[in-house]
Amino acid sequence: MGSFKDTDIEHIVPVSEAHDSGLCAASDETKRKFANDLLNLTLATPNVNRYQKADKDLADWQPENNQCWFLDRVVAVKRKYGLTIDSREATAMKELAAQC
């Protein structure tokens, strides 16, 4: 059985991606809320969180499993914080949504 050291808490929408998508203009309080928002947090293996996904957006990384859930969370978080979606990310979202 795994241990807590085998699990990371991962931001679904990475902080750096959120910053580049408009969070940079938010108040410090909003940035703190974003960083700790349970809507945007999930568990992941360290390998996935640190090396595969890292700070990539949905256009550059999608999980092998639970892709529809992941898409829903990304959209919900981006809406909640008024974050932008670039054209590459929008295309990836549309392609993934067509499979859900």
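Q: What is the handedness of the crossing of α4 and α5?
A: In this predicted model, the crossing of α4 and α5 is left-handed.

Q: Why is α4 called oblique to α5?
A: The axes of α4 (residues 67-80) and α5 (residues 87-97) come within 10 Å and cross at roughly 140°. An angle has to be over 145 degrees to count as roughly antiparallel, and 65 to 115 is the range for roughly perpendicular. The crossing at roughly 140° fits neither of these classes, so α4 is oblique to α5.

Q: Which residues make the contact of α4 with α5?
A: On the α4 side they are Gln-67, Leu-71, Val-74, Val-75 and Lys-78, and on the α5 side Glu-89, Met-93, Leu-96 and Ala-97. Sorted by class, this contact has six nonpolar residues, one polar residue and two charged residues.

Q: How many aromatic pairs does the structure hold?
A: Happily for anyone fond of rings, there are two aromatic pairs.

Q: What makes Phe-34 and Tyr-81 an edge-to-face pair?
A: Their ring centres are 5.2 Å apart, with 85° between the planes. Centres within 6.5 Å make a pair, and planes over 60 degrees apart count as edge-to-face, so both conditions are met.

Q: Why can the pair of Phe-34 and Tyr-81 be said to tie together separate parts of the sequence?
A: Phe-34 belongs to helix α2 (residues 28-36), while Tyr-81 sits in the loop between α4 and α5; the pair therefore links parts that are 47 residues apart in sequence. Phe-34 and Tyr-81 are both buried.

Q: Why is the pair of Trp-61 and Phe-70 called edge-to-face?
A: The ring centres lie 5.6 Å apart and the planes stand at 80°, so this pair is edge-to-face. The angle is set against the cut-off of over 60 degrees. As for accessibility, Trp-61 and Phe-70 are both buried.

Q: What is notable about the phi of Ala-54, and where does Ala-54 lie?
A: Ala-54 has a positive phi of about 50° although it is not a glycine. Ala-54 is part of the loop between α3 (46-53) and α4.

Q: Why does Ala-54 count as partly exposed?
A: Its relative accessibility is 33%. Buried would need under 20% and exposed over 50%, so Ala-54 falls in between and is partly exposed.

Q: How do you know that Asn-66 counts as exposed?
A: Asn-66 has 57% relative accessibility, and the cut-off for exposed is over 50%, so Asn-66 counts as exposed. Asn-66 is in the loop between α3 and α4, and has a positive phi of about 55° without being a glycine.

Note on methods: Residues numbered from 1 in each chain as written. Predicted model: local features only at pLDDT ≥ 70, side-chain atom pairs only at ≥ 80, totals over all residues. Heavy atoms only, no water. Axes fitted to C-alpha atoms, helices over the stretch in contact; angles between N-to-C directions. Helix = DSSP H or I, 4+ residues; strand = E, 2+ residues; numbered from the N terminus. Parallel < 35°, antiparallel > 145°, perpendicular 65-115°, else oblique. Left-handed = near helix turned anticlockwise from the far one by under 90°. Contact = heavy atoms within 4.5 Å. Nonpolar A, V, L, I, M, F, W, Y, C, P; charged D, E, K, R; others polar. Phe/Tyr/Trp six-rings, centres within 6.5 Å; stacked < 30°, edge-to-face > 60°. Buried < 20%, exposed > 50% of the residue type's maximum accessible area, 1.4 Å probe, protein only.
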